[in-house]
Amino acid sequence: MSGYGGWKLLQATYDRQFEGFSQSPSVSNDRSYFLEKFSKPVELETFLSDKRLLRVSLTAFDLGGEEWKGGFIRKVVEEAADPESTFLQRLNNPDYTNFSKVFKLQDGKIALTEEAALELADKFESAAFREAVGDVDNSMRLSLNYQKKIVEIAGSSSSENAKLYRLLGNVPMRTVMETALGLPSDFTKLDIDRQAQILKEQLQSKVGITDISELAEPEKMDKVIQRYHAMESINKGPSATTPGYAALTLLGGSGSGFGAQASENLFLSLLR
């Protein structure tokens, strides 16, 4: 199933699906390989040249597919060990910043405690599952990503504006937000401060929040995801499985006199 109905089904069956995925040979073997390699300190050169180890490590930070950036990853790791470097600050990528903190160099080697290695192995499985879901339906992957990241961003101790800028700077999060709020494509051309202001106003108006931290609340989280799937379905056009499909077809007809806005209003009303 696609759309919000598919999302609710995924949520209801998540534990069973995730367990089956985690026990698959490819995932379980990758997990074991990672834990075996980091049972002792790993030389930086070995880490960078071992594409399997690098892939598992990057995937744990939602950076899967970037293992080919060997020189860039080297710089991320090496610069993290330099207290005077501003590279990571200028890069302004929280995922790489977190990656650099965990894989911090110590005498040219990367050492992980057993607890840290197990935690990363768990994160790898979760991230790999999101990737696998995305191979089937990318809107479901975006929803899972939003569900995970919004707690980290909205629930942080950062200022209101800092949270808004992080939402705007994270492409998957931004995609969900822009779609859920019905923001036009030209929105990205505005000054970043204006984007943050509009995003906050629209969240207050359409999601009913007074503070960005409220987005981490389950009810608000679900409301954004619900709106995202509703608007995504509208943008793609309804199918025969869409609730109220017959009414939407009539409203969207050229001779109905209602048009797309009425279709959107009806569709959203059906999901309230």
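**Nonpolar core**

In this predicted model, the largest nonpolar core holds 66 residues, of which Phe-47, Phe-99, Tyr-146 and Leu-215 touch the most other members. Leaving aside residues up to four places away in sequence, Phe-47 touches Phe-38, Val-42, Leu-53, Leu-54, Ser-57, Phe-99, Phe-103 and Ile-110. One of these contacts, Ser-57, belongs to helix 4. With a relative accessible area of 0%, Ser-57 is buried, because the cut-off for that class is under 20%. With the same exclusion of residues up to four places away in sequence, the residues touched by Ser-57 are Phe-34, Phe-38, Phe-47, Phe-99 and Phe-103.

**Overall make-up**

The chain has 272 residues, and 42% of them are buried. Its secondary structure comprises 15 helices and three strands. Among contacts between residues at least 6 apart in sequence, 60% join residues at least 24 apart.

**Helix packing**

Two packed helices are described by the angle between their axes and the distance between the axes. Two such pairs are set out below.

| Helix pair | Angle | Axis distance |
|---|---|---|
| Helix 9 (residues 138-154) and helix 11 (residues 171-181) | about 105 degrees | 9 Å |
| Helix 2 (residues 25-37) and helix 4 (residues 51-59) | about 105 degrees | 10 Å |

At about 105 degrees, helix 9 and helix 11 are roughly perpendicular to each other, because angles of 65 to 115 degrees fall in that class. Helix 9 contributes Leu-142, Asn-145, Tyr-146, Lys-149, Ile-150 and Ile-153 to the contact, and helix 11 contributes Pro-172, Met-173, Thr-175, Val-176 and Met-177. By class, the residues of this contact are eight nonpolar, two polar and one charged. Tyr-146, named above among the core residues that touch the most other members, is thus also one of the helix 9 residues in this contact.

For the second pair, the angle of about 105 degrees likewise makes helix 2 roughly perpendicular to helix 4. The contact involves Asn-29, Asp-30, Tyr-33, Phe-34 and Lys-37 of helix 2, together with Arg-52, Leu-53, Arg-55, Val-56 and Ser-57 of helix 4. The contact of helix 2 with helix 4 has four nonpolar, two polar and four charged residues. Leu-53 and Ser-57 take part in this contact, and both are also touched by Phe-47.

**The sheet**

The three strands of the open sheet follow the order 1-3-2, with antiparallel pairing. Strand 1 (42-43) and strand 2 (105-106) are the edge strands; each has a single partner strand, so one side of each has no neighbour in the sheet. Strand 2 pairs with strand 3 (residues 109-110) in the antiparallel sense over two bridges. Ile-110 of strand 3 is the bridge partner of Leu-105, and Ile-110 is also among the residues touched by Phe-47.

Gln-106 lies in strand 2 and is partly exposed, at 49% relative accessibility. Its C-alpha atom is 9.7 Å from that of Leu-44, although the two residues stand 62 residues apart along the chain.

**Residues with positive phi**

Most residues other than glycine have a negative phi. Asp-107, in the loop between strand 2 and strand 3, has a positive phi near 55 degrees. Asp-107 is exposed, with a relative accessible area of 80%. Asp-62, in the loop between helix 4 and helix 5 (70-80), has a positive phi near 60 degrees. Asp-62 counts as partly exposed, at 24% relative accessibility.

Methods. Residues numbered from 1 in each chain as written. Predicted model: local features only at pLDDT ≥ 70, side-chain atom pairs only at ≥ 80, totals over all residues. Heavy atoms only, no water. Pairing = 2+ DSSP bridges. Helix = DSSP H or I, 4+ residues; strand = E, 2+ residues; numbered from the N terminus. Core = buried A, V, L, I, M, F, W, Y, C linked by side-chain atoms within 4.5 Å. Buried < 20%, exposed > 50% of the residue type's maximum accessible area, 1.4 Å probe, protein only. Contact = heavy atoms within 4.5 Å. Axes fitted to C-alpha atoms, helices over the stretch in contact; angles between N-to-C directions. Parallel < 35°, antiparallel > 145°, perpendicular 65-115°, else oblique. Nonpolar A, V, L, I, M, F, W, Y, C, P; charged D, E, K, R; others polar.
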